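Opening the notebook on a new model today. I want to look at salt bridges and at one serine's surroundings.

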Amino acid sequence: HEELKQQYQTLLSATQKKKGLPQSERESLLKLVLGMAISAYKYDHSANKNSATGGGRDSISADLQKAGLPLDPDTIRKYINEAVELFHDLLAKHSKT
(Lines give C-alpha, C1' and ligand atoms only; values in the text may rest on other atoms or scores of the structure.)
Protein backbone atom coordinates (compact mmCIF):
# COMPACT_ATOMS: atom_id res chain seq x y z
CA HIS A 1 0.00 0.00 0.00
CA GLU A 2 2.84 2.37 0.78
CA GLU A 3 4.27 2.06 -2.75
CA LEU A 4 0.88 2.77 -4.30
CA LYS A 5 0.44 5.76 -2.02
CA GLN A 6 3.84 7.09 -3.10
CA GLN A 7 2.99 6.65 -6.78
CA TYR A 8 -0.30 8.46 -6.25
CA GLN A 9 1.48 11.39 -4.57
CA THR A 10 4.00 11.56 -7.44
CA LEU A 11 1.24 11.59 -10.05
CA LEU A 12 -0.79 14.13 -8.10
CA SER A 13 2.20 16.42 -7.79
CA ALA A 14 3.01 16.17 -11.52
CA THR A 15 -0.62 16.82 -12.46
CA GLN A 16 -0.83 19.89 -10.24
CA LYS A 17 2.34 21.32 -11.79
CA LYS A 18 0.93 20.92 -15.29
CA LYS A 19 -2.53 22.21 -14.38
CA GLY A 20 -1.91 25.91 -14.75
CA LEU A 21 0.56 28.53 -15.79
CA PRO A 22 2.56 30.39 -13.22
CA GLN A 23 0.93 33.79 -12.58
CA SER A 24 3.70 35.77 -14.28
CA GLU A 25 3.39 33.68 -17.47
CA ARG A 26 -0.40 34.02 -17.46
CA GLU A 27 -0.08 37.80 -17.09
CA SER A 28 2.43 37.91 -19.95
CA LEU A 29 0.07 35.97 -22.21
CA LEU A 30 -2.87 38.18 -21.28
CA LYS A 31 -0.78 41.28 -21.98
CA LEU A 32 0.20 39.81 -25.36
CA VAL A 33 -3.42 39.07 -26.29
CA LEU A 34 -4.61 42.50 -25.19
CA GLY A 35 -1.79 44.28 -27.00
CA MET A 36 -2.56 42.44 -30.24
CA ALA A 37 -6.28 43.12 -29.86
CA ILE A 38 -5.61 46.84 -29.44
CA SER A 39 -2.96 47.12 -32.14
CA ALA A 40 -4.26 44.78 -34.84
CA TYR A 41 -8.02 44.86 -34.21
CA LYS A 42 -8.49 48.38 -32.81
CA TYR A 43 -9.94 47.01 -29.59
CA ASP A 44 -11.14 49.86 -27.36
CA HIS A 45 -11.36 48.86 -23.71
CA SER A 46 -13.60 51.82 -22.89
CA ALA A 47 -16.23 51.03 -25.55
CA ASN A 48 -19.41 49.09 -24.75
CA LYS A 49 -19.07 47.00 -27.92
CA ASN A 50 -16.04 46.02 -29.98
CA SER A 51 -15.99 44.48 -33.43
CA ALA A 52 -12.68 42.88 -32.42
CA THR A 53 -14.40 40.58 -29.95
CA GLY A 54 -17.58 39.89 -31.91
CA GLY A 55 -18.24 37.28 -34.53
CA GLY A 56 -18.01 39.52 -37.59
CA ARG A 57 -15.66 39.03 -40.50
CA ASP A 58 -13.05 41.44 -39.10
CA SER A 59 -13.04 39.93 -35.62
CA ILE A 60 -10.37 37.97 -33.79
CA SER A 61 -12.68 34.97 -33.86
CA ALA A 62 -13.08 35.15 -37.66
CA ASP A 63 -9.32 35.37 -38.19
CA LEU A 64 -8.70 32.44 -35.89
CA GLN A 65 -11.35 30.46 -37.78
CA LYS A 66 -9.60 31.26 -41.10
CA ALA A 67 -6.34 30.02 -39.61
CA GLY A 68 -7.95 26.74 -38.57
CA LEU A 69 -7.86 27.69 -34.88
CA PRO A 70 -11.53 28.28 -34.00
CA LEU A 71 -12.31 30.02 -30.72
CA ASP A 72 -15.70 31.18 -29.52
CA PRO A 73 -16.14 34.98 -29.28
CA ASP A 74 -17.30 34.56 -25.66
CA THR A 75 -13.96 32.93 -24.80
CA ILE A 76 -12.08 35.74 -26.53
CA ARG A 77 -14.09 38.35 -24.62
CA LYS A 78 -13.50 36.51 -21.35
CA TYR A 79 -9.71 36.65 -21.68
CA ILE A 80 -9.59 40.17 -23.06
CA ASN A 81 -11.82 41.36 -20.22
CA GLU A 82 -9.53 39.62 -17.74
CA ALA A 83 -6.55 41.38 -19.33
CA VAL A 84 -8.31 44.77 -19.25
CA GLU A 85 -9.07 44.30 -15.57
CA LEU A 86 -5.50 43.24 -14.82
CA PHE A 87 -3.87 46.06 -16.80
CA HIS A 88 -6.48 48.77 -16.20
CA ASP A 89 -3.96 51.18 -14.66
CA LEU A 90 -1.54 50.81 -17.60
CA LEU A 91 -4.37 51.32 -20.08
CA ALA A 92 -5.55 54.43 -18.24
CA LYS A 93 -2.02 55.88 -18.26
CA HIS A 94 -1.56 55.12 -21.95
CA SER A 95 -4.85 56.69 -22.98
CA LYS A 96 -3.83 59.96 -21.27
CA THR A 97 -0.70 60.31 -23.41
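My notes on the lookups follow.

Entry 1. Reminder to myself: this is a predicted model.

Entry 2. I started with the salt bridges and got a count of four. One of them joins the side chains of Glu-82 and Arg-26, at 2.9 Å from N to O. I checked where the partners sit: Glu-82 is in helix H4 (residues 73-86) and Arg-26 is in helix H2 (residues 23-41), so this pair ties together parts 56 residues apart in sequence. For exposure, Glu-82 comes out partly exposed at 28% relative accessible area, and Arg-26 is partly exposed too, at 29%.

Entry 3. Next I pulled up Lys-66 and Asp-63, whose side chains form a salt bridge at 3.2 Å, N to O. Both residues belong to helix H3 and sit three residues apart, about one turn of the helix. Lys-66 is exposed at 62% relative accessibility, whereas Asp-63 is partly exposed at 30%.

Entry 4. Then I looked at Asp-58 and Arg-57, where the N to O distance is 3.9 Å. I kept this pair as a salt bridge because the cut-off is 4 Å. Asp-58 is exposed, with 52% relative accessible area, and Arg-57 is exposed with 68%.

Entry 5. Is Ser-61 buried or exposed? I get 12% relative accessible area, so Ser-61 counts as buried, the limit being under 20%. Ser-61 lies in helix H3, which covers residues 60-66. Leaving out residues up to four places away in sequence, I listed the contacts of Ser-61 as Gly-54, Leu-71, Pro-73 and Ile-76.

Notes. Residues are numbered from 1 along each chain as its sequence is written. This is a predicted model: local features need pLDDT of at least 70, side-chain atom pairs count only at pLDDT 80 or more; totals for chains, interfaces and linings use all residues. Side-chain values use heavy atoms; hydrogens and water are left out. Helices (H or I, at least four residues) and strands (E, at least two) are DSSP runs, numbered from the N terminus. Buried means under 20% relative accessible area, exposed over 50%, partly exposed in between (1.4 Å probe, protein chains only). Contact means heavy atoms within 4.5 Å.
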